[in-house]
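Grab a viewer and a notepad, and let's work through a few packing exercises together. Try each task yourself before you read its solution.

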Amino acid sequence: MNKQQLAAKIWESANQMRSKIEANEYKDYILGFIFYKYLSDKLVRFAKNEDFSDAELRALSEEDAETVDHIKSNIGYFIAHQHLFSTWIEHQGDFDVSHVRDALSAFGRLIHPNHKRLFEGIFKTLETGLSKLGDTAAKQTKAISELIQLIKDIPMDGRQGYDVLGFIYEYLISMFAANAGKKAGEFYTPHEVSVLISEIIAHHVKDKPTIQIYDSTSGSGSLLLNIGQSIAKHMADEDNIRYYAQELKENTYNLTRMNLVMRGILPNNIVTRNADTLEEDWPFFDDQDPVNTYDPLYLDAVVSNPPYSQKWDPQYKDTDPRYARFGLAPKSKADYAFLLHDLYHLKPDGIMAIVLPHGVLFRGGEEGAIRKNLIENNHIETIIGLPANIFFGTGIPTIILVLRQKRKNSDVLIVDASKGFAKEGKSNKLRASDIKKITDTVIARTSVPRYSRLVPKTELQANDYNLNIPRYVDSSEPAESWDLYASMFGGIPKSELDDLAPFWQAFPSLRAALFSENGTPYVAPKAQDLTQSTQNHAEVKQFTQQFTAAFADFTPWLRHALLDQLLTLQVPQQEALISEALFARIAKVGTVPLIDKYRAYQILDDHWQPIAIDLEILQTEGFNAARVVDPNLVIKKKDGKDVEVQEGWRGRIMPFELVQETHLKPELDALRVQENRLSEITASIDEALENLSEEEKSDAISQEIINEDGDKFVNAAVAKEAKSLLAEAKKAGKFDSESFEAKLIQVADWQLEEKALKAAIKQASAALHLKTKKTIEDLSDAQVHALLERKWIIPLSDELHRLPGQQIDSLIRKLEALVEKYRITYADNAREILKTETELASMLDELDANEFDLKGIGELKTLLDGN
């Protein structure tokens with residue numbers, strides 16, 4: 001399984017196993033055990049690298065002080081053999097919850113002094129929560145045993161260059177967040193929001209040789225880690241990034257530490273603190289050595305997603321250096337308190353991003369005064385309005401504020417990105433193209449109509465420092481209007497055609513070819529067939545040809561970028577390189593940018609996700625992974641329980657369908673012929689059943705030839721009856737072709753053919769399946785490359801080449817809607833109504849009814865006659 005499949009499998013099982021335990025609680029248990037497995041496996045790996053034999057590994061115990069000190073001084077902790085995760089697995093039926101309690105207790109004793117801050121109390125949530133897994137030791141043992149069996153296959157041996165462990169950990173956190181309701185906000189920032197903030201921060205700090213980043217409300221640490229990963233893409237040595245994290249809730253603080261440690265970050269680059277960010281500012285010194293460790297803690301980047309509009313205590317904080325310059329946030333809403341805390345800890349050239357409710361943009365009182373000070377001192381650089389319902393547990397609109405400690409400009413970039421998202425269930429989610437568009441706009445600081453605007457400070461001052469986004473950027477779609485003259489007399493308003501200006505700029509003579517002028521502000525359709533006239537227009541054809549020419553070398557370029565260096569390319573950076581090549585080619589298509597480059601980027605990203613998975617597997621396991629075929633495991637019910645069983649085989653990289661289409665086409669086509677014939681027979685039998693009269697169907701049900709529901713022939717009964725009818729036909733002559741007897745004989749023939757076909761298809765399908773397996777295992781290097789091109793490159797290229805046609809189709813649909821809108825005038829409608837009323841009035845004269853009904857009909861006729 002790849003990392004996505006393994007993560008999904010673990011989540012599905014864990015979600016069932018947690019039973020009535022809240023998702024918010026259960027996450028602490030499974031994530032805690034994953035972390036213990038990580039530490040345990042790391043110790044075993046270290047020991048083997050130190051040439052420990054299996055016997056010496058089994059002898060590891062606290063009594064061997066020299067070995068204990070050696071291991072602790074190298075990895076920061078010691079775990080005896082009896083407490084290793086792998087030993088728990090070996091216990092099998094003899095495993096007991098006491099083994100976990102003893103192991104966690106021992107771990108707390110055996111931490112190296114230099115790593116106390118990093119590891120001390122890290123398993124406290126797990127230790128104290130074991131009792132919640134069952135009300136007896138036996139039930140706890142069973143629950144824990146199931147958990148460790150579930151996670152035992154997660155690889156943690158260092159070979160997984162694409163960080164399977166980190167991916168699974170992040171995936172589980174996100175899934176638990178999605179199921180934790182309002183509590184999700186305590187520990188998780190949605191991945192897409194993290195990526196957006198990370199790209200903005202990374203661009204600002206990417207040229208620094210060493211970087212310090214800080215999350216003042218770190219939750220699980222996911223936001224901090226995403227920023228580190230984005231920055232690392234621009235750095236030669238990711239060990240030059242130092243991580244600072246502060247979190248109030250102890251269980252969530254432990255998640256932060258686990259998450260940072262498991263990503264392979266050096267212990268010296270992890271500085272964490274379990275404290276109230278607003279009440280206890282970051283310590284300027286270590287209590288044990290205050291003189292030599294004094295550090296005011298100013299950082300290159302600060303990020304946070306604090307609890308929204310939380311109450312706090314501003315009393316006695318007016319002298320706090322974090323707030324003295326700008327003022328105190330109101331006690332009912334701590335949003336600006338968190339913001340000012342983050343701003344205080346920035347270096348002069350630093351950057352910060354904070355997620356807050358949009359109310360901070362316009363609320364008055366103390367918040368208005370703080371906002372005024374921030375604007376006057378040029379700290380606010382960018383405001384990004386996010387879609388509503390994008391965070392777990394809350395549907396309120398949120399924003400990202402980007403601030404700088406010092407900057408030259410005084411304007412503020414305001415981005416309304418609230419309309420760009422995909423709907424996923426009840427939530428909204430930023431797509432890759434949405435993130436890319438926001439990031440590009442923020443980095444370039446560009447004004448885009450109905451999307452973003454650079455607002456000068458003077459305008460903000462004139463608006464009394466109100467930053468409400470709709471004041472500056474109107475992203476709403478224009479309301480549909482109806483032209484009064486065109487509605488009455490017909491014709492198409494030129495003003496509504498003008499709304500399609502980009503198309504007319506791209507195709508200067510197309511408008512005149514489609515519509516005729518008459519000296520008024522209105523035009524009439526000239527072309528009988530808008531679709532044909534538009535598609536056949538020379539400038540439209542030229543547009544398509546320009547796209548084809550611009551992308552003529554894209555497939556060969558992709559072949560080189562992906563296939564020629566698939567084992568050495570940097571997967572995290574490669575999508576960005578491809579997007580640059582994509583954008584460069586789109587820029588060559590015509591003088592007017594009709595192709596939305598972000599739509600093209602979304603196509604790229606949709607295709608890139610499975611490509612990246614394949615690349616990670618190939619780079620981790622080697623080129624031969626392309627020839628590997630794995631058992632296809634599915635979940636089935638057995639004795640009332642879900643069990644995993646094998647159903648055939650599946651290519652680790654190569655889809656069976658692709659291999660069959662490429663290398664086994666004759667066998668595949670022959671199988672499809674049989675399958676098509678089977679479909680035809682099934683349809684014919686269904687049609688025969690539908691064509692039976694009600695009397696025939698009723699008789700057939702009574703004879704049990706058709707089932708009680710009347711929707712299916714009973715095969716055995718049909719065959720038996722048909723045999724009897726055929727014998728009868730030999731004596732009495734042929735039945736009429738439309739008779740029930742003839743239909744039944746035909747159905748029996750079809751059923752015989754259907755049975756034979758099903759057997760043949762099953763046999764041919766099984767043979768093709770095994771032949772496909774053998775074909776994949778025997779692929780040459782050249783064949784692997786050719787198949788990868790068909791899997792990765794051709795579908796991407798084909799979808800991109802459909803973009804010009806989709807743009808033209810969009811124009812045609814808009815034009816057809818516009819023509820139809822004014823095709824029938826008000827006068828036409830009035831005449832049609834009058835005609836219908838007259839016809840109805842004449843029909844009323846023919847009605848016969850009682851006295852009172854006739855009076856009612858007479859009154860209706862009077863109204864229809866217009867009197």
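Below are some exercises on this chain, each with a worked solution.

**Ground rules**

This is a predicted model, where local features need pLDDT of at least 70, side-chain atom pairs count only at pLDDT 80 or more, and totals for chains, interfaces and linings use all residues. Residues are numbered from 1 along each chain as its sequence is written, and side-chain values use heavy atoms, with hydrogens and water left out.

**Exercise 1. Get the overall picture of the chain: its secondary structure, its box, its burial and its contacts.**

Step 1: The secondary structure comes to 35 helices and 16 strands. Here helices (H or I, at least four residues) and strands (E, at least two) are DSSP runs, numbered from the N terminus.

Step 2: Taken along the principal axes, the C-alpha atoms fill a box of roughly 105 × 85 × 70 Å.

Step 3: Of the 867 residues in the chain, 47% are buried. Buried means under 20% relative accessible area, exposed over 50%, and partly exposed in between (1.4 Å probe, protein chains only).

Step 4: Take the contacts (heavy atoms within 4.5 Å). Among those with a separation of 6 or more, 73% come from residues 24 or more positions apart.

**Exercise 2. Work out which face of α1 is buried and what packs against that face.**

Step 1: Check the length. Helix α1 covers residues 3–17, and its 15 residues reach 21 Å from first C-alpha to last, close to the 21 Å expected at 1.5 Å a residue. The expected span is 1.5 Å times one less than the number of residues.

Step 2: List the buried residues, which are K3, L6, A7, I10, W11 and A14. Looking down the axis of α1, these buried residues fall within an arc of 130°, so they line one face of the helix. The arc is that of the directions from the helix axis to the C-beta atoms.

Step 3: Recall the geometry. An α-helix has 3.6 residues a turn, so residues three or four places apart point the same way.

Step 4: Find the partners. The buried residues of α1 pack against α2 (23–49), α9 (137–151), α10 (164–178) and α26 (597–621).

Step 5: See what comes next. S19 follows α1 and has a positive phi, near 55°.

**Exercise 3. Repeat the analysis for α15 and α29.**

Step 1: Helix α15 (residues 365–376) has 12 residues and reaches 17 Å between its first and last C-alpha, close to the 16 Å expected at 1.5 Å a residue.

Step 2: Buried in α15 are E367, G368, I370, R371, L374 and I375. They cover an arc of only 165° around the axis, which puts them on the same side of α15. Their cover includes α14 (335–344), β6 (380–385), β7 (398–404) and α17 (457–462).

Step 3: Now take α29 (residues 694–702), where E696, K697 and A700 are buried. Seen down the axis of α29, these fall within an arc of 95°, so they line one face of the helix. On the other side of α29, E694, E695 and S702 are exposed.

Step 4: The buried residues of α29 pack against α28 (665–690) and α31 (740–777).

Step 5: Both helices are followed by a residue with positive phi: N378 after α15, near 60°, and E704 after α29, near 60°.

**Exercise 4. Classify three helix pairs by angle and handedness.**

Step 1: Fix the conventions. Axes are lines fitted to C-alpha atoms, for helices over the stretch in contact, and angles run from 0 to 180 degrees between N-to-C directions. Under 35 degrees counts as roughly parallel, over 145 as roughly antiparallel, 65 to 115 as roughly perpendicular and the rest as oblique. A crossing is left-handed if the near helix is turned anticlockwise from the far one by less than a right angle, and right-handed if clockwise.

Step 2: α10 and α13 (residues 250–262) pack at about 155° with axes 10 Å apart, making α10 roughly antiparallel to α13. Their crossing is left-handed. The contact is made by L165, Y169, E170 and I173 of α10 and L255, M258, N259 and M262 of α13.

Step 3: The axes of α27 (residues 656–663) and α32 (residues 781–801) come within 11 Å and cross at roughly 115°. The two are therefore roughly perpendicular, and the crossing is right-handed.

Step 4: The axes of α26 and α33 (residues 803–823) come within 12 Å and cross at roughly 135°. That pair is therefore oblique, with a right-handed crossing.
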